[in-house]
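Biologist: I would like to learn how to read a structure like this one. Could you take me through it step by step?

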Amino acid sequence: MPNHTTPTRDAIGLLLLVLAATMLLGACDQPPEMREDPPERPVLALILEPPEDMTSRTFSARAEAAERTALAFRVSGQVVLVHADLGDRVMEGDVLARLDDRDYRLKVRELEGQLEAAEGQLEEAEVNYRRGQDLVRDGTISRADYDGLRSAFRQAQGQRDAAREGLSTARAALEDTVLRAPFDAHVARRNIEPHEQASPERVVFVLDDLEEIELRVGMPETLVVHRDRLTAVDVHFAALGRRYAGRVRAVGVDVDEDTQTYPVRIVVDNPDQRILPGMTARLDFRAGLPEADEQGYFHVPMTAVFDHEGQPHVWVLDEAGETVTRRPVSLGPLERDGVRVLGDLHAGQQVVTAGVQHLSEGQTVRVLTEDEMRGARR
């Protein structure tokens with residue numbers, strides 16, 4: 001009979017070790033095409049837009065005259081004539097309305113007579129004062145008499161000056177019975193009619209200078225931080241069917257407590273004066289970027305940025321949109337809907353915006369729509 005020998009425990013351990021080594025060597029010798037690639041990952045992606053388009057913001061506003069003036073007579077009286085009507089174009093210096101000036105003319109004539117008398121008294125007092133200077137020197141009159149002549153002369157001067165001032169005031173009041181346009185404008189409101197009583201407290205005309213139109217908007221902090229770069233504003237008036245180039249005149253630095261926005265004033269030239277106060281407009285703001293940043297300063301959602309070795313990165317798809325490459329970026333200002341990034345990027349590239357934590361360098365991806373991505377998550 002054959003002699004069967006029972007394997008020792010050491011022999012069994014050696015056999016297992018040899019089998020393990022054989023399997024490992026076999027795996028190493030497996031052809032490259034047999035290895036498993038990382039699975040295809042579904043992602044969302046965003047096409048990078050040119051930097052100059054990334055900070056556009058749209059607002060609505062109503063047109064106002066850049067210069068609006070409410071006019072009232074400086075004196076009281078009855079209106080005798082109204083020369084301007086609602087909507088009229090008036091030029092600087094044009095007469096808008098007149099008051100009955102009879103009392104004011106009488107006052108001027110009265111004060112002209114008083115001034116004439118005061119000047120006559122002053123002339124006489126001056127002659128006596130000059131003569132008194134010679135007489136006091138040769139002792140013909142006393143020092144006290146001389147002082148009296150000098151006092152009378154100075155009193156006559158004061159009466160003459162008071163008469164002049166009173167006459168000047170009366171003449172100004174007479175001129176104020178005529179209301180004139182302070183600048184070229186349109187009559188926005190007319191609140192007076194002939195035979196009515198006017199007073200300095202009553203606004204009788206409102207004038208609008210339509211050479212420039214002003215629009216006011218409230219700007220959020222995400223855009224007002226770029227106020228030094230706010231230069232280009234496209235203003236579109238739907239009623240006119242055309243765009244106008246606007247410019248920022250002023251940006252407030254104190255937030256409005258009710259709206260939590262900052263007031264911004266925009267001015268539009270209106271040479272043909274087709275824009276009228278009250279018209280609605282759409283304003284497209286654009287915040288210019290420094291020249292050094294124009295080629296690489298892009299806006300992406302926060303979900304596109306991830307950390308790799310302590311530095312922010314984004315995943316960029318290749319031209320075919322099939323594989324991803326990791327790109328380091330520098331973070332710029334945060335915005336309400338994302339962040340600005342600066343790096344080796346250019347317009348037209350696709351950047352992954354969802355699924356970034358599950359990707360690896362060179363991994364194959366499949367770009368989904370948002371609806372498809374929601375379905376994949378289910």
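**Reading the model together**

Modeller: Let's start with confidence, since this is a predicted model. Over residues 11-30 the pLDDT stays under 50, and the model has 1 contact beyond four places in sequence for that stretch. Residues 289-295 also stay under 50, with 11 contacts beyond four places in sequence.

Biologist: What is the mean pLDDT of the protein chain?

Modeller: The mean is 83, and 80% of the residues reach 70 or more.

Biologist: How many helices and strands does the protein chain have?

Modeller: There are 5 helices and 21 strands. To see how the chain folds back on itself, look at the contacts with a separation of 6 or more: 75% of them come from residues 24 or more positions apart. As for the surface, the protein chain exposes about 23400 Å², with carbon and sulfur atoms supplying 49% of it. Of its 378 residues, 34% count as buried.

Biologist: How do I read "buried" for a single residue? Is Thr177 buried or exposed?

Modeller: Buried means under 20% relative accessible area. Thr177 has 1% relative accessibility, so it counts as buried. You will find Thr177 in the loop between α3 (143-175) and β7 (178-180). Beyond its neighbours within four places in sequence, Thr177 contacts Phe73, Val75, Ala97, Arg98, Leu99, Asp101 and Tyr104.

Biologist: And where is Ala185?

Modeller: Ala185 belongs to strand β8 (residues 185-190). Its relative accessibility is 0%, and therefore Ala185 is counted as buried. Now compare sequence with space: Ala185 and Val90 are 95 residues apart in sequence, but their C-alpha atoms are 5.5 Å apart. Val90 is also among the contacts of Ala185 beyond four places in sequence, along with Asp88, Arg89, Leu207, Asp208 and Asp209.

Biologist: Which residue could show me the opposite case, an exposed one?

Modeller: Try Glu116, in helix α2. Exposed means over 50% relative accessible area, and Glu116 is exposed because its value is 60%. The C-alpha atoms of Glu116 and Ala163 are separated by 8.6 Å, while the two residues are 47 apart along the chain.

Biologist: Next, the aromatic rings. What describes a pair of them?

Modeller: Two things describe such a pair: how far apart the ring centres are, and the angle between the planes. The count here comes to 4 aromatic pairs. One of them is the stacked pair of Tyr129 and Phe153, at 5.2 Å centre to centre with 10° between the planes. This pair links distant parts of the chain, with Tyr129 in helix α2 (residues 102-137) and Phe153 in helix α3, 24 residues apart. Tyr129 and Phe153 are both buried. Phe306 and Trp315 also make a stacked pair, because their ring centres are 5.1 Å apart and their planes are at 15°. Phe306 and Trp315 are buried as well.

Biologist: Which residues do ring pairs link into a cluster?

Modeller: The cluster consists of Tyr129, Tyr146 and Phe153. Phe153 has a further partner: the charged end of Arg130 sits over its ring, 5.7 Å from the centre.

Biologist: How many residues does the largest nonpolar core have?

Modeller: It has 25 residues, and those with the most contacts inside it are Leu215, Val217, Val235, Phe237, Ile275, Leu283 and Phe285. At least two residues each come from several elements, including β2 (57-62), β11 (230-237) and β14 (280-287). The largest share, 5 residues, is supplied by β10. To explore from one residue, pick Phe237: not counting residues up to four places away in sequence, it touches Ala63, Leu215, Arg242, Tyr244, Ile275, Met279, Thr280 and Ala281. Apart from this core lies another, of 21 residues, among them Val90, Leu96, Ala181 and Val187.

Biologist: One last feature: the backbone angle phi. What is the phi of His195?

Modeller: It is near 80°, a positive value in a residue other than glycine. His195 is in the loop between β8 and β9 (197-198), and its relative accessible area of 62% is why His195 counts as exposed. Glu309 is not a glycine either, and has a positive phi of about 55°. Look for Glu309 in the loop between β16 (306-308) and β17 (311-317). With a relative accessible area of 73%, Glu309 is exposed.

Notes:
Residues numbered from 1 in each chain as written. Predicted model: local features only at pLDDT ≥ 70, side-chain atom pairs only at ≥ 80, totals over all residues. Heavy atoms only, no water. Helix = DSSP H or I, 4+ residues; strand = E, 2+ residues; numbered from the N terminus. Buried < 20%, exposed > 50% of the residue type's maximum accessible area, 1.4 Å probe, protein only. Contact = heavy atoms within 4.5 Å. Areas by Shrake-Rupley, 256 points an atom, 1.4 Å probe, with all protein chains shown as cover. pLDDT = per-residue confidence, 0-100. Phe/Tyr/Trp six-rings, centres within 6.5 Å; stacked < 30°, edge-to-face > 60°. Lys NZ or Arg CZ within 6 Å of the ring centre and 35° of its normal. Core = buried A, V, L, I, M, F, W, Y, C linked by side-chain atoms within 4.5 Å.
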